Amino acid sequence: MLKNRLFHSLRGYVKAEIKGKYTELFLNRCTEKNIPIWSVKRVDDETISCFFYTKDIKSIRKLMRRTGCRMYFKGRYGFPFFLKKVDARKGFVLGLLFCLFIIFLCSNIIWSIQIKGASPEVEHKVRQALHNVGVKKGAFIFFLPSEQEIQQTVTEQLENVTWMGVKRLGTQYSFDVVEKKIPKEKPALNPRNLVAKKKAVIHKVFVEQGQAKVKEKDYVQKGQILVSGYIGKDENTKVVPAKGKIFGEVWYISEASVPLKTIVVTNTGKAESKHIIQLGKLKIPVWGFNKKGFKEMEIINDEKPIYFLKWKLPIAYIKQTMLEIDNVTRSYTKKEAVKTAIELTKKDLLRKLSEDAEIKGNKILQQKYENGKVNVMIHYQVIEEISKEQPIIQGD
Amino acid sequence: MAKWRDNLKKWLWRKTELPADAFLDLPRITMIGQLHIYIENHKGVLRFSKNELRLSLKHGQQLQVKGEDFVIKTILPEEILLEGKIANVQYIDSI
């Protein structure tokens, strides 16, 4: 029935009343001539109402004469008539379409840019950096790089920005900026001691101000005073801010497990890209049909949705990049595995330590082979700065 | 002559067990509750009103459908779909 109705509307149909003594005869003639009519109703003794296609009007007129009936049109329906109406109101329809187009255009334009958390100076710089990327008022969102890319490039460009969050709400971009806080070195004015941060064996002592309480090869506990702020003897005691650098040997134990066999995924460097327009769930390739991709590949979809007001339209442009990948099995001998384990833990350790730290030596404490893995426990001797400031609170 | 052919058909039908409607030109009537009645193999509309539909069949037989609010949904040669509230369906033999 539904399909029927759709068919009717596509072709255009009319409602008519047929008046005459022999309306039944008219019906029979119609069926004999294969003229489709439907929804026939009795109006009164001499009248029936029915529907038929516009294209059959001529042949029905002929039947009228033969059956002695008269026809009165009551309504016109369907697409062709709709088109006629549209044609009559061309200006209005054009205006409406134009208006929709403008709204559509405006929905895909940046209207405002908000920058939060930045000082005016930094904000200006952020704005400039964004301008360079293309993010400015009136730019088409469609042509802009993705939020991630914006975040990356802008954060890289700006020196005193640690992190920048990019968010888009419809036609508004908002940026959360976290400025780098460069701490100013405060002159050590307050009297203080230097104490040990952790237990260690003292390696070297450099004192600028204060009285050294430890010497090389001393074993210190955490919190033990290394350089005292009290100088002078007995009555001539003075309190000064202790200053200096104390290096100690600290022990670290790292554990690492390295599989003997690993599958490493690498890009071979070959890439192909496809351009696709997405309509709802339907994906229509526009460019690069015959790019079949590779046997093993990584697919990156760069999707650009299109907006109407705040709604995401079911239309999107997708750039699909296919990167060929290669699976390489990397295998280690046990010796090599241990070596990599050491390297790994070393790197890891150095990352955790301060810049002036130095690894003096290492020792393998334990080595185990299990499930194709090498588990190693390594002992590191590290020379690092171990002092920490502790203010001296003077009583009255 | 015509009668002889009819008899032959009837005899063939009994022997072969073919569907009767196609073979003997009889109407096939399908009803869906009181809502729809679908009649195939009719020979034209004799009378149609809100409360009655009368169709002619073969051999001067007539089929009378009575009820309320009748609407002919579709009408094709030999087929008709009627909608409404159907009360009764009756054969009327030629006089």
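1. Let's start with chain B. Its secondary structure amounts to two helices and six strands. Follow the sequence and you meet them as α-α-β-β-β-β-β-β, with both helices ahead of the strands. Keep in mind that you are looking at a predicted model.

2. Staying with chain B, how much of it is buried? Of its 95 residues, 34% are buried. As for contacts in chain B with a separation of 6 or more, 40% of them link residues 24 or more positions apart.

3. Now for the place where chain B meets chain A. The contact draws 13 residues from chain A and 15 residues from chain B. About 1300 Å² is buried between chain A and chain B, and carbon and sulfur atoms give 62% of that area. On the chain A side, the residues that lose the most area to chain B are E24(A), T31(A) and R42(A), which together make up 37% of what that side buries.

4. What kinds of interaction turn up here? Zero salt bridges are counted between chain A and chain B. There are, however, six residue pairs in polar contact across this interface, with both residues of each pair at pLDDT 80 or more.

5. Which elements of chain A do the touching? Both α2 (23–32) and β2 (37–44) of chain A supply at least two residues each to the side that touches chain B. The top contributor is β2(A), with six residues. Sorted by class, that side of chain A holds six nonpolar, four polar and three charged residues.

6. Have a look at β2(A) again, as it also pairs across the chains. Four bridges join β2(A) to β5 of chain B (residues 62–76), and the two strands run antiparallel. For a spot to zoom in on, try I37(A): its bridge partner in β5(B) is I75(B). As a general reminder, strands of a sheet pair through backbone hydrogen bonds, either parallel or antiparallel.

7. One more sheet is worth a visit, this time within chain A. Four strands make up an open sheet in the order β10-β12-β8-β22, with antiparallel pairing. Which strands sit at the edges? They are β10 (211–212) and β22 (387–391) of chain A, each of which pairs on one side only.

8. Inside that sheet, check the link between β8 (residues 192–196) and β12 (residues 225–228) of chain A: two bridges join these antiparallel strands. Here V195(A) stands opposite I225(A) of β12(A).

Note on methods: Residues numbered from 1 in each chain as written. Chains lettered and ligands numbered in written order. Predicted model: local features only at pLDDT ≥ 70, side-chain atom pairs only at ≥ 80, totals over all residues. Heavy atoms only, no water. Contact = heavy atoms within 4.5 Å. Buried area = accessible area lost by both parts, 1.4 Å probe. Salt bridge = Lys/Arg side-chain N within 4 Å of Asp/Glu carboxyl O. Polar contact = N/O pair within 3.5 Å; in protein donor to acceptor, adjacent residues only side chain to side chain. Nonpolar A, V, L, I, M, F, W, Y, C, P; charged D, E, K, R; others polar. Pairing = 2+ DSSP bridges. Buried < 20%, exposed > 50% of the residue type's maximum accessible area, 1.4 Å probe, protein only.
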